[in-house]
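Trainee: I'd like to walk through this one with you, question by question. Shall we put it on the screen?

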Amino acid sequence: MKVILAGLPKCGTKTMVAAFEALGYEVCDVCETFEWFGDEWMKIFEHGATAEDFRRMYENIDVVTDTPTCHFWEEIMEAFPDVKIILTQRRNEHDWVKSLSNQFVANSSPMIKLLMMFSPTCRKWAQFMEKIAIATCSTKINRPWIGNSYINEMICRQRYRQHNNYVLTNAPRDQLLVYEFKQGWEPLCKFLDKPIPEQPFPHENKKGGVTEKFMKQKPVFLKMQNEMYFAAATCFALIFGIFSYLLYIFW
């Protein structure tokens, strides 16, 4: 483990993932955390974890980003004391919670609702995210079947302030970079002792578009879609079979 991105979700995490990958790092983002370590994290939310648990989970990973690892940066640092911490922030808490709310709207599409209905993996993902929300924000994710998902914005704003202030106060000064994207590659590469890439600095997840990208690229989301198609085909075949049988009996 070399780097922990301590910035909260919706603080440029997907842009940072692209930047880390451009610098040659193996990155464990939220999808990989669920796919590779989902069961371990569900146990952590219930019973906690030791430094040895985190060392075993992340010893072969270069960088962790997004939730839930950003909330547990200090505990993970106990397992990897030489790790570097990077904090990204929004301009203010109101911009952050607006962006968070927009992401919930993007995650409330008819396709997502169908996945929730037909895919066991998607339901497990929803349970995983619910555990994260309760463990880190002390509030649940509301997922009505009609309308958009949402979360308690007042509590989230409090947690945003608390999280950033805690990182700024407690992270070791010589291992912390407070980073702004407008600074480009130079301060990031200097902090990580990496050469500056020739490519422009990335900009990902504009207006919550990461969900659509995940649906097309992430193995766990492709698995959800395959489960949905299989379940839908099975239901159709069952209904067609029952209809054909009744037609045969009563015709």
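Trainee: Which residues are linked in a network of salt bridges?

Mentor: Before that, some ground rules: this is a predicted model, where local features need pLDDT of at least 70, side-chain atom pairs count only at pLDDT 80 or more, and totals for chains, interfaces and linings use all residues. Residues are numbered from 1 along each chain as its sequence is written, and side-chain values use heavy atoms, with hydrogens and water left out. A salt bridge here is a side-chain nitrogen of Lys or Arg within 4 Å of a carboxyl oxygen of Asp or Glu. On that basis the network links K14, D29 and D66.

Trainee: How many salt bridges does the structure hold?

Mentor: Side chains of opposite charge can pair when their charged atoms come close. R91 and D95 make one such pair, at 2.9 Å from N to O. The structure's total is 11.

Trainee: How many residues apart in sequence are the parts that D62 and K2 tie together?

Mentor: D62 and K2 form a salt bridge, with the closest N and O atoms 3.0 Å apart. D62 sits in the loop between α3 (51–58) and β3 (63–64), while K2 belongs to the segment before β1, so the parts tied together are separated in sequence by 60 residues. Helices (H or I, at least four residues) and strands (E, at least two) are DSSP runs, numbered from the N terminus.

Trainee: Is D62 buried or exposed?

Mentor: Buried means under 20% relative accessible area, exposed over 50%, and partly exposed in between (1.4 Å probe, protein chains only). Its partner K2, at 44%, is partly exposed. D62 has 16% relative accessibility, so the class for D62 is buried.

Trainee: Which helix holds K124, the salt-bridge partner of D39?

Mentor: The closest N and O atoms of D39 and K124 are 3.1 Å apart. D39 is partly exposed at 47%, and K124 is partly exposed at 40%. D39 lies in α2, and the pair ties together parts 85 residues apart in sequence, because K124 lies in helix α7 (residues 120–137).

Trainee: In what order do the strands of the open sheet come?

Mentor: Strands of a sheet pair through backbone hydrogen bonds, either parallel or antiparallel. Here two strands pair if DSSP finds at least two bridges between them. The sheet has five strands with parallel pairing, in the order β2-β3-β1-β4-β5.

Trainee: Which strands stand at the edges?

Mentor: An edge strand here has a single partner strand, so one side of it is left without a neighbour in the sheet. The strands in that position are β2 (27–28) and β5.

Trainee: How many residues of strand β4 are buried?

Mentor: Strand β1 (residues 3–5) pairs with β4 over three bridges in the parallel sense, with V3 opposite K84. Strand β5 (residues 176–179) runs parallel to β4 and is joined to it by four bridges, where T88 has Y179 as its bridge partner. β4 (residues 84–88) is largely enclosed by the rest of the structure, because the buried residues number four of the five.

Trainee: Which residues have the most contacts inside the largest nonpolar core?

Mentor: A nonpolar core is a set of buried Ala, Val, Leu, Ile, Met, Phe, Trp, Tyr and Cys residues joined through side-chain atoms within 4.5 Å. The largest has 54 residues, and those with the most contacts inside it are W41, Y58 and I85.

Trainee: Which helix gives the most to this core?

Mentor: The giver contributes seven residues and spans residues 30–47. That is helix α2.

Trainee: How many residues of helix α1 are buried?

Mentor: Helix α1 (residues 13–22) is mostly covered. Among its buried residues are K14, V17 and F20. The count is seven of its 10 residues.

Trainee: What relative accessible area does L246 have?

Mentor: L246 lies in helix α11 (residues 219–250). With L238, I242, I249 and F250, L246 forms a nonpolar surface patch of about 530 Å² accessible area together; areas come from the Shrake-Rupley method with a 1.4 Å probe, and for residues only the protein chains shown count as cover. Patch residues have over 30% relative accessible area and no salt bridge, with like charges joined within 9 Å and nonpolar side chains (Val, Leu, Ile, Met, Phe, Trp, Tyr) within 5 Å. L246 is partly exposed, at 40%.
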